[in-house]
Amino acid sequence: MNDYFRFLLRRISEMLWVKPLAICIISIAVAFLTKMADQMPILELAPKVKAETIETLLSIISASMLVIAVFAVGSMLSAYQSASNAATPRSFTLVLADDVSQNALSTFIGAFIFSIVAQIALMNGYYGDAGRFALFAITIFVFALVIFGFIRWVDRIAKLGRLSTIIEKVELATEQSLCRRLAQPFMRGVKAKGRTDGLPVYGADIGYIQRIDIAALQSVAEKENMQIEVASLPGKFATPDMPLMYVRFASTSGHAAVDQINTMHDKLTDAFVIGKNRTFDDDPRFGLIVLSEIASRALSPAVNDPGTAIGIIGSLVRLLAPCVSTQLEKKESPDVQYDRVAVPEVCLEDMFDDAFNPIARDGAAMIEVIIRLQKALHTLASLGDENMQKTAMVHARLVLAYAETSLPITADLDKLRSVSTFIENAADK
C-alpha cells in the first residue's frame, strides 16, 4: 500500500491544478468557519476591531493576489519552457512537481479566494465582534503567509529553469528510485531465474510499464495455487505480443490451465500500470537515460557545453557506484513477502548502456569529455566488484574505439591512450 500511495501521490503532484483547488476549498471553509468564534465566550474579551479595518486589508489582498497569481503562472510557464529547451522534455514532470512553486501559486490563489469570500460575508454582517477579531487575526496570518511564500517562491523561480537545478532534480529522482531497488532488488518477491516454461500472459494495452503491483499478483497466485515469473519490468515498452509474465500451476496443465488463465487474465494484467510515458518512481534506468540525454544535448554543436556533460558523468558515477553485486547479495534474502512472485533484477549492463553510450558517441571528438569518461569508468571498475569491472571495461573499450575514429590529432589520442592503460592492465590480470 505504501508503494501504491507513493506512486499515486507522485502522479497527483504532477497535476498543477490539484493544490490550488484544495487551497481554494480550505480558504472558503475558513472564511465561513470563522463565524464559530462568536460562540466562544473567551473571545468576547478580545479587543473589538472595526469592520472598515478588516475590509481595507481584505481589499488589498483581493486587489493584489490575482495579479500576483497571474504573474506567478507566467513565470512558472517560462521556467517550464526553459527546462524543456535547456535540458530535455523528459525532465518536465520533475520541474512541474516542484513543491515550492505549487505551494506559492496555491497560496496566492487561496488568499484571493479567502479575501473575496470573507469580504462579502463581512459586508453583510455575518460576523459578530468575536468573529471580526478572529477574521482580523486570520487576515494578518494570510498576509504573513503570502509574504513568506512570495519571498521563497522568488528564490526558487530564479533557479527552477536553470540547467543545474534540473540536473539536481533528475539525479535526486534517479537516486531515490535506485535506492528503493537496491533495498528490494526483487520488489519483495523472490529472485527470477529467467524461466519461460510457464504459460505466457499478455496485456492488451500499448505503452510503458510504470508500476507493478506485486502484492496483487501474490494474492492471485495464492488463491489459484500457482507461481508467477515477471517477464517485464517497469520502463519496458509493453505490446500485445510481449508477455508480461509467465504462470506455472501446481496441479493444472493443458487446456484446463489455459482456461484458468483466461478466467483470471484481467486480475493479472491489472497489476501492471501501463501509460504513455516512462516515470522515475520504479524505473531507475529512465533517470539514467534522462541524464544521458541532457549530456548529449550539451555536446551538440548548437550548444557546445562540454562542462555540463562532464558534470553529468560525475552524477552517473555517484548513482552507479552503489550498484555492486556485493551490496545486492546482502539484500537478496530479507523482506521476501511475496514468495509466489519471481522478479528479475535490473541489469547492470543495461544501466551502463543507458548512461554512457550516448555520451561516448556524441563526445568522441572532445578530448576533455572522453578523458573524464574513461576516468569515471576506471573508478567504477576499481570498486572491487567483478561484474561492475567487466561491464566498465566493455564500455571503456567502446569509448576508446569511438575516440580513435573521431579525434583528428595524434597528441590527443596519445593522451587518451595513456589514461586508458587500465584496460590493458586488467586484461593482463
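**Close-up views**

**View A. T107 lies in helix 5.** Helices here are DSSP runs of H or I with at least four residues, strands are runs of E with at least two, and both are numbered from the N terminus. What you're looking at is a predicted model, where local features need pLDDT of at least 70, side-chain atom pairs count only at pLDDT 80 or more, and totals for chains, interfaces and linings use all residues. Residues are numbered from 1 along each chain as its sequence is written, and side-chain values use heavy atoms, with hydrogens and water left out. T107 is buried at a relative accessible area of 18% (buried is under 20%, exposed is over 50% and partly exposed is in between, with a 1.4 Å probe and protein chains only). Skipping neighbours within four places in sequence, T107 is in contact with L145 and V146, contact being heavy atoms within 4.5 Å.

**View B. Helix 2 packs on helix 5.** Helix 2 (residues 18-33) and helix 5 (residues 99-123) sit at an angle of about 30°, with their axes 8 Å apart. The axes are lines fitted to C-alpha atoms, for helices over the stretch in contact, and angles run from 0 to 180 degrees between N-to-C directions. The crossing of helix 2 and helix 5 is right-handed: the near helix is turned clockwise from the far one by less than a right angle, while anticlockwise would be left-handed. On the helix 2 side, look for residues including I23, I28 and F32; on the helix 5 side, L105, I109 and F114 are among them. By class, this contact of helix 2 with helix 5 comes to 13 nonpolar, 5 polar and 2 charged residues (Ala, Val, Leu, Ile, Met, Phe, Trp, Tyr, Cys and Pro are nonpolar, Asp, Glu, Lys and Arg charged, and the others, Gly among them, polar).

**View C. Helix 16 meets helix 17.** Helix 16 (residues 386-406) and helix 17 (residues 410-419) pack at about 170°, their axes 10 Å apart. The pair is therefore roughly antiparallel, a label for angles over 145 degrees, with under 35 roughly parallel, 65 to 115 roughly perpendicular and the rest oblique. L400, A403 and E404 from helix 16 face L413, L416 and R417 from helix 17. That contact has 4 nonpolar, no polar and 2 charged residues.

**View D. M187 and R188 share a loop between helix 7 and strand 1.** M187 has a positive phi of about 55° without being a glycine, and R188, also not a glycine, has phi near 70°. Most residues other than glycine have a negative phi. M187 is buried at a relative accessible area of 15%, whereas R188 is partly exposed at 28%.

**View E. L268 sits in the largest nonpolar core.** Such a core is a set of buried Ala, Val, Leu, Ile, Met, Phe, Trp, Tyr and Cys residues joined through side-chain atoms within 4.5 Å. This one holds 116 residues, and L217 and L268 touch the most other members. Beyond its sequence neighbours within four places, L268 is in contact with V201, L217, V220, M226, I228, M245, V247 and I261.

**View F. L380 lies in helix 15 (residues 367-381).** L380 is buried, with a relative accessible area of 0%. Apart from neighbours within four places in sequence, its contacts are V317, L320, A321, F352, F356, M388 and A392.
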